[in-house]
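Good morning, colleagues. I would like to take a few minutes to discuss helix packing and the nonpolar core.

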Amino acid sequence: KATLDLACSRNLALQAEKKLLSRMASKSTVTMFIDETSGAVLDELYRISKEHTQDRAASQKVIKDLVKVAVKVSVLFRNRRFSEAELAVAEDFKQKLRQGAMTAVSFHQVAFTFEQAVLSRLLEECRDLLLRLVERHLTPKSLGRVRHVFDHFANAELLGRLYSPGSPFEPHLERVCQGLNQLMDQGKL
């Protein structure tokens, strides 16, 4: 009985931690938990989203969803909630995300190499791996957040505009790619 009570207490504490941290997903709170480079990338992703959608609230929501998902995954990882099989999926996700980042940077650095279908597919594969990783641990609402974030940034029209030479997105893409390069160099991505 004591072991069962302890397990229930741990689960309750984990749920409370996930809930509390996801409610704190505002810009001022996030800056306490993430490094400067990641924060700069998030800022540029917000600006890209806002420029594309022309909707401040929708852009804030997609970034807030991204932060909430990242926080929940890190809480689960820190509390060793993933099985060995799930940790293998996490490693696949990490490799696919890095491949996506390298591809995004390469498309930016080498003129006229951008292929929307390739980048969209990589983002969709990342989405599917992350969903496999967290499907047993997160609520349907949180799984919807995962889909929302990846589907938003995998959008063909958004990617086409983002990589269009001379577009208003160019400075934002440049800063995102600089940040991605720094994160990869630091081993954080």
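**Helix packing and the core**

Let me begin with H3 and H4, which pack with their axes 8 Å apart at an angle of about 145°. Their crossing is right-handed. On the H3 side, the contact involves Leu42, Leu45, Tyr46, Ser49, Lys50 and Thr53; H4 contributes Arg56, Ser59, Gln60, Val62, Ile63, Leu66 and Val67. Sorted by class, this contact of H3 with H4 comprises seven nonpolar, four polar and two charged residues. I should state that the model is predicted.

The second pair is H6 and H7, whose axes lie 9 Å apart and whose packing angle is about 170°. Angles over 145 degrees count as roughly antiparallel, and H6 and H7 are therefore roughly antiparallel to each other. Here Leu123, Cys126, Arg127, Leu130, Leu131 and Val134 of H6 meet Leu143, Val146, Arg147, Phe150, Asp151 and Phe153 of H7. By class, the contact of H6 with H7 has nine nonpolar and three charged residues, and no polar ones.

I turn now to the core. Which members of the largest nonpolar core touch the most other members? Among its 48 residues, they are Ile63, Leu130, Leu133, Val134 and Phe153. At least two residues of this core come from each of the helices H3, H4, H5, H6, H7, H8 and H9. In general, nonpolar side chains in soluble globular proteins tend to be buried together.

Finally, consider Ile63. Setting aside neighbours within four places in sequence, Ile63 is in contact with Leu42, Leu45, Tyr46 and Phe153. Leu42, Leu45 and Tyr46 belong to the H3 side of the contact with H4, while Phe153 lies in H7.

How values were computed
Residues are numbered from 1 along each chain as its sequence is written. This is a predicted model: local features need pLDDT of at least 70, side-chain atom pairs count only at pLDDT 80 or more; totals for chains, interfaces and linings use all residues. Side-chain values use heavy atoms; hydrogens and water are left out. A nonpolar core is a set of buried Ala, Val, Leu, Ile, Met, Phe, Trp, Tyr and Cys residues joined through side-chain atoms within 4.5 Å. Buried means under 20% relative accessible area, exposed over 50%, partly exposed in between (1.4 Å probe, protein chains only). Helices (H or I, at least four residues) and strands (E, at least two) are DSSP runs, numbered from the N terminus. Contact means heavy atoms within 4.5 Å. Axes are lines fitted to C-alpha atoms, for helices over the stretch in contact, and angles run from 0 to 180 degrees between N-to-C directions. Angles under 35 degrees count as roughly parallel, over 145 as roughly antiparallel, 65 to 115 as roughly perpendicular and the rest as oblique. Ala, Val, Leu, Ile, Met, Phe, Trp, Tyr, Cys and Pro count as nonpolar, Asp, Glu, Lys and Arg as charged, and the others, Gly among them, as polar. A crossing is left-handed if the near helix is turned anticlockwise from the far one by less than a right angle, and right-handed if clockwise.
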